[in-house]
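Please give a brisk report on this two-chain model. Cover the core, the contact between the chains and the layout of each chain.

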Amino acid sequence: MNQLIISAATEGAEAANPLVPNVWEMGVVLAGFAVLFFIVVKFVVPMFEKTFAERAEAIEGGIAKAEKAQAEASAALEEYKQQLTDARAEANRIREEARAEGAQILAELKEKAAAESARITAQAHAQIESERQAAVVSLRSEVGTLATTLAGRIVGETLEDDARAARVVDRFLADLETQNAGVAK
Amino acid sequence: MHLPAILPWGAADGFSKQMLLVILSVVIIATFFVLAARKQQLVPGKLQFAGEAAYGFVRNSIAKDIIGGRDFIKYVPLLFSLFFFILVNNIYGAIPVIQLPSFSHVGGAYVLAAIVYVTWIGIGIKKNGLRYFKLATVPSGVPVYILPIVIPIEIISNFLVRPVTHSLRLFATMLAGHLIVMIAGSGIEYLVMQENVLLKGTSVLVLAGAIAMYMLEALIMALQAYVFTLLTAIYIEGALHADSH
């Protein structure tokens, strides 16, 4: 038994020292690794790196896009605020103008109304004057006739003589007017 | 040690199972990542998300964190290829039926460590010229009288021991894990065949231990892929910034 083991061990040691390589196996490993290395350098690494780069670019590009959108939004807000301020100023200006215009229109209307009222007053005065004149004229003739007839009856003598009668009436009216004027004063 | 050759091809040992698995791993990794990366959608689907997570792990957690700066992207392909090449070839050891990590044979580990060794020395020379060897072996701030001791240590540790440990760490963990699982398997088989019932019953203990070891090995397989890649990143970073170390 012991002999067998010893002989097997010594035989094994002669047949195969584990540290002595098989040249053909080395060749196969070298060739196999060379092929693998070639495929990795040529295809695998470039493809993975390209994907990584594209992904990083996609993420960074997204961030840049978001930043741009934000900048645009704040610019739009600024513009909107500016427009709002402008619009307010414009509205104030228009209101101011309207107020001034309104005041002007009001003044014009007042003036016009005053002129109209003055005109109406003047017209009324003229009409009253003319009516008074007409009344005076008709009064004079009627009062004259009436008074003459009346006086004739009282006096008993007809004052049919027109010329004389007219003279009497005129003198009477003149006396009346002077009396009136004295009273008015 | 070696499994029988699949074909009587090439040298004395022929075309082994490891060779087939290595070629298969290249096909698996290339297919998966080309499919995952092909669509290039900004919002990834499931496959693309898985691919991006795996790629992002090597790119950010290893390359960017260790190498840093703007230069790291140049070394991502190498680190990425190394990590998944080693990972898939290790995980073979945890898949039933296959049950064979490719790097349980030392040849592949030597090749990868050699590629890394040439790479970081090349980067160091390209970055600093031949002064790189002085920067890498003469640490700054060390008193002159200690230098005769420090310089040989630095030369040995950086230029001689580093590639050896880099390759053997991967190879040894894979071989040991492979052996433990296989030995546990044969042990269970041996104990189950015993006539004595009590002895037969002990196979349950071995089975429990074997399952625990299998889980541990699965962890180590992933971990070694990470460690190998991480060390590569550290070596490259050391070569890039040799003057500030």
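In this predicted model, the largest nonpolar core has 59 residues. Four residues have the most contacts inside this core: Ala63(B), Leu79(B), Phe80(B) and Ile236(B). Both chains feed it. Helix 2 (23-155) of chain A supplies at least two residues. On the side of chain B, helix 1 (17-38), helix 2 (46-67), helix 3 (72-91), helix 4 (106-128), helix 6 and helix 8 (203-240) each supply at least two. Helix 3 of chain B gives the largest share, 12 residues.

Ala63(B) shows what such a core position touches. Leaving out residues up to four places away in sequence, Ala63(B) touches Val58(B), Phe72(B), Tyr75(B), Val76(B), Leu79(B) and Ala233(B). One of these partners, Leu79(B), is also among the residues with the most contacts inside the core.

**Contact between the chains**

How many residues does each chain bring to the contact? Chain B brings 34 residues and chain A brings 30 residues. On the side of chain B that touches chain A, helix 1, helix 2, helix 3 and helix 4 of chain B give two or more residues each. Helix 1 of chain B provides the largest share of that side, 11 residues. By class, that side of chain B has 22 nonpolar, nine polar and three charged residues.

**Layout of the two chains**

The table sets out the secondary structure.

| Chain | Helices | Strands | Pattern along the sequence |
|---|---|---|---|
| Chain A | three helices | zero strands | α-α-α |
| Chain B | eight helices | zero strands | α-α-α-α-α-α-α-α |

Burial can be read chain by chain. Of the 185 residues of chain A, 8% count as buried. Of the 245 residues of chain B, 33% count as buried. Contacts in chain B can also be sorted by sequence separation. Among those with a separation of 6 or more, 60% join residues 24 or more positions apart.

**A position on helix 6**

Ile153(B) lies in helix 6 (residues 147-192) of chain B. Is Ile153(B) buried or exposed? Ile153(B) counts as exposed, because it has 12 C-beta neighbours inside 10 Å, and a residue is exposed at 12 or fewer. Helix 6 of chain B nevertheless supplies at least two residues of the largest nonpolar core. Ile153(B) and Val138(B) are 15 residues apart in sequence. In space, their C-alpha atoms are 10.0 Å apart.

Definitions and conventions
Residues numbered from 1 in each chain as written. Chains lettered and ligands numbered in written order. Predicted model: local features only at pLDDT ≥ 70, side-chain atom pairs only at ≥ 80, totals over all residues. Helix = DSSP H or I, 4+ residues; strand = E, 2+ residues; numbered from the N terminus. Buried ≥ 20, exposed ≤ 12 C-beta atoms within 10 Å, placed from the backbone. Core = buried A, V, L, I, M, F, W, Y, C linked by C-beta atoms within 7 Å. Contact = placed C-beta atoms within 7 Å. Nonpolar A, V, L, I, M, F, W, Y, C, P; charged D, E, K, R; others polar.
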